[in-house]
Amino acid sequence: MYSIIFIIFILGLFIGQWAYGLVLIYEGHRKFKLYRCPSCHYFLGFIPVLSWLFACGKCSKCLRRIDVRRPVIEFVMGFSLAVVCLALYESWYVVEIALFCIIAVIASAVDLKRTILPDTCTLGGIGLALLGAWINPEREFISAILGVVYGGGFLLVLGAVYHFIFKKEGMGGGDIKMLAWIGALVGFRNLLPVLLWVSILGTLYVIYAVIRYNKERKSLLGMELAFGPYLALATYLFILFSYPDSSFFIFSIFES
């Protein structure tokens with residue numbers, strides 16, 4: 001069993017390389033060579049994470065620093081896929097959650113850099129989640145449909161209220177689509193515990209941001225915050241620790 005998990009981890013590292021390339025494309029870098037330095041085109045190596053570590057994070061020829069997101073994305077991808085497979089190895093649901101991890105890591109990396117969630121990730125995720133609910137006997141298609149409606153509708157209403165009070169946009173369309181995707185993936189009955197995880201992570205981030213920006217004498221007002229990564233991480237934690245089919249299941253506040 002653990003040998004299979006290790007193989008999945010290694011496979012995830014290479015998927016992370018491919019994911020990093022997609023992140024660059026989403027950010028507008030149309031011409032790049034994944035395994036070569038963007039400045040001198042010197043070969044950087046193709047072994048995930050280790051190539052970056054052995055080179056001390058920079059090109060050995062021109063000494064230009066290599067994007068630290070590359071090994072981070074590679075490791076996060078490998079680790080998240082391995083843990084999900086370990087938690088849900090007895091369920092067909094593992095395939096859907098693995099696809100969610102791959103797409104969510106890509107979308108989150110773009111969101112952290114540009115505060116934009118690509119439509120191909122969110123809308124494509126909705127389509128895959130609905131398809132999974134339709135063909136997976138362990139899931140309910142109607143629950144997935146309602147998850148899209150309630151998930152997207154919740155943030156849509158919340159954004160409208162925020163706009164009415166503060167006269168400015170408070171919730172991006174990408175976040176609305178992503179929660180609709182999550183609703184399709186977990187079903188509408190599980191949206192509340194996912195939102196509970198989101199509130200916990202969001203509160204921790206706001207506390208960190210307030211401390212950080214107070215030290216830098218900056219204001220949080222008017223700043224764009226990437227909400228997508230917290231939605232993705234909250235869903236991931238829910239699947240691991242609050243979803244009854246998970247071998248890591250600890251608790252569920254709401255009945256699934």
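# A walk around a nine-helix chain

Start on the surface: select F6, I7, I10, F14, Y35, F43, F46, I47, L50, L53 and F54, which together make a nonpolar surface patch of about 1,100 Å². Before you go further, keep in mind that you're looking at a predicted model.

**Stop 1: who builds the patch?**

Colour α1 (2–26) and α2 (50–54), the elements that give two or more residues each to this nonpolar patch. Which of the elements gives the most? That's α1, with four residues. Now click on F46, another patch member. F46 sits in the loop between α1 and α2. Its relative accessibility is 48%, so F46 counts as partly exposed.

**Stop 2: zoom out**

Switch to a cartoon view of the whole chain. How many helices and strands are there? You should find nine helices and zero strands. If you trace the chain along its sequence, the pattern reads α-α-α-α-α-α-α-α-α. Of the 256 residues in the chain, 45% are buried.

**Stop 3: a helix pair**

Next, select helix α4 (residues 93–114) and helix α9 (residues 228–241). Their axes come within 8 Å and cross at roughly 155°. Angles over 145 degrees count as roughly antiparallel, so that's the label for α4 and α9. Turn the view until one helix lies in front of the other: the crossing of α4 and α9 is left-handed.

**Stop 4: W52**

Go back to helix α2 and pick out W52. Is W52 buried or exposed? Neither, quite: with 23% relative accessibility, W52 counts as partly exposed, because the buried class stops under 20%. Now add D67 to your selection and draw a distance between the two C-alpha atoms. W52 and D67 are 15 residues apart in sequence, and their C-alpha atoms are 9.2 Å apart in space. Remember D67, as it turns up again below.

**Stop 5: two residues with a positive phi**

Here's a bit of background: most residues other than glycine have a negative phi. Select C56 and check its backbone. C56 isn't a glycine, yet its phi is positive, near 60°. You'll find C56 in the loop between α2 and α3 (69–87). How open to the surroundings is C56? It is exposed, with a relative accessible area of 58%.

Then jump to T115. This residue is not a glycine either, and it has a positive phi of about 50°. T115 lies in the loop between α4 and α5 (119–135). With a relative accessible area of 30%, T115 is partly exposed.

**Stop 6: pairs of opposite charge**

Side chains of opposite charge can pair when their charged atoms come close. How many salt bridges are there in this model? The count comes to six. Let's visit some of them.

Show the side chains of R69 and E27. They meet in a salt bridge, with 2.6 Å from N to O. Why is this pair worth a click? R69 belongs to helix α3 and E27 to the loop between α1 and α2, so the salt bridge ties together parts that are 42 residues apart in sequence. Both R69 and E27 are buried.

Move on to R139 and E96, whose side chains meet in another salt bridge (2.4 Å, N to O). This one links distant parts of the chain: R139 is in the loop between α5 and α6 (141–166), while E96 is in helix α4, 43 residues away. Are these two residues buried or exposed? R139 is buried, with a relative accessible area of 12%, and E96 is buried as well, at 10%.

Right after R139 in your sequence view, select E140 together with R189. They form a salt bridge in which the closest N and O atoms are 3.4 Å apart. Again, distant parts of the chain are linked: E140 is in the loop between α5 and α6, and R189 is in the loop between α7 (173–186) and α8 (191–215), 49 residues apart. At 43% relative accessibility, R189 counts as partly exposed.

**Last stop: a small network**

Finish by selecting E27, D67 and R69 at once. Salt bridges that share partners join E27, D67 and R69 into one network. So what's the role of D67 from Stop 4 here? D67 is one of the residues in that network.

Conventions: Residues are numbered from 1 along each chain as its sequence is written. This is a predicted model: local features need pLDDT of at least 70, side-chain atom pairs count only at pLDDT 80 or more; totals for chains, interfaces and linings use all residues. Side-chain values use heavy atoms; hydrogens and water are left out. Patches are made of residues with over 30% relative accessible area and no salt bridge: like charges are joined within 9 Å, nonpolar side chains (Val, Leu, Ile, Met, Phe, Trp, Tyr) within 5 Å. Accessible areas come from the Shrake-Rupley method with a 1.4 Å probe; for residues, only the protein chains shown count as cover. A salt bridge is a side-chain nitrogen of Lys or Arg within 4 Å of a carboxyl oxygen of Asp or Glu. Buried means under 20% relative accessible area, exposed over 50%, partly exposed in between (1.4 Å probe, protein chains only). Axes are lines fitted to C-alpha atoms, for helices over the stretch in contact, and angles run from 0 to 180 degrees between N-to-C directions. Angles under 35 degrees count as roughly parallel, over 145 as roughly antiparallel, 65 to 115 as roughly perpendicular and the rest as oblique. A crossing is left-handed if the near helix is turned anticlockwise from the far one by less than a right angle, and right-handed if clockwise.
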